[in-house]
Amino acid sequence: MLKACAIKNVSYSDLWETPPELLLSTLPTILPTKSTIWEPFVGISNRSTKVYKQLGHAVYETTCDFFTIDKWPLDEQGNAMILVSNPPFSRKFEVLDRLFQFKQPFAILLPSWVFASATVRKMIHKHNIDIQIIVPNMRTHYYNTEGQQIRKTAFDSVYIAYGLSLKYPITYI
């Protein structure tokens, strides 16, 4: 999950990448039609971008500091791109607050406890936003900076989402 130039002041918890098998099992539910995905938190190996392209999606990667972006990117038709990413965990609340401000479609992978935290509840009320939760069918075992998948993850992960065409606000895959 190292984010190239996506954020400054990276910490150890920000250096883990999403496994391709999780993306392959969840992306067809998150985005059932081909879309342009915005990936602002590009990892060292670009695992997510490779999977998005493998599944037929166009991908727009940005390497500038996510917190300095003032306009949500649009696709060639002028529609808002859909952000799908694994953000830096050390800045998860800042990322969520920024996404809630934009009120554009997104799905970000975070530890499951985050969506029920008092911090997120306050943000939801502050921005008057309804979130969606996508629960993967597996525990996420992230890749470290050496490219090794560590199968000792002590927490479950979910996608916290907004503005997606999902049948239910909580979706189990």
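Two strands count as paired if DSSP finds at least two bridges between them. In this predicted model, that condition applies to strand β3 (residues 82-85) and strand β4 (residues 106-111), which run parallel and are joined by 3 bridges; within this part of the sheet, S85 stands opposite I108 in β4.

The wider sheet is open and is formed by 7 strands in the order β2-β1-β3-β4-β6-β5-β7, with mixed pairing. Its edge strands, β2 (58-61) and β7 (170-172), each pair on one side only, and neighbouring strands are turned by 30 degrees against each other on average, when direction is ignored.

Helix α3 lies across β3, β4 and β6 (157-162), and runs at about 160 degrees to β4. The same helix also meets a second helix, α4, and the residues on both sides of that contact are listed here.

| Helix | Residues in the contact |
|---|---|
| α3 | F93, L96, D97, F100 and Q101 |
| α4 | T119, V120, M123, I124, K126 and H127 |

By class, this contact of α3 with α4 has 6 nonpolar, 3 polar and 2 charged residues. The axes of α3 (residues 92-102) and α4 (residues 118-127) come within 10 Å and cross at roughly 15 degrees; since angles under 35 degrees count as roughly parallel, the two helices are therefore roughly parallel to each other. Their crossing is right-handed.

Elsewhere, S48 lies in helix α2 (residues 47-54). Because its relative accessible area is 11%, S48 is buried, and, leaving aside residues up to four places away in sequence, S48 touches L23 and E39.

Technical notes: Residues numbered from 1 in each chain as written. Predicted model: local features only at pLDDT ≥ 70, side-chain atom pairs only at ≥ 80, totals over all residues. Heavy atoms only, no water. Axes fitted to C-alpha atoms, helices over the stretch in contact; angles between N-to-C directions. Helix = DSSP H or I, 4+ residues; strand = E, 2+ residues; numbered from the N terminus. Parallel < 35°, antiparallel > 145°, perpendicular 65-115°, else oblique. Left-handed = near helix turned anticlockwise from the far one by under 90°. Contact = heavy atoms within 4.5 Å. Nonpolar A, V, L, I, M, F, W, Y, C, P; charged D, E, K, R; others polar. Buried < 20%, exposed > 50% of the residue type's maximum accessible area, 1.4 Å probe, protein only.
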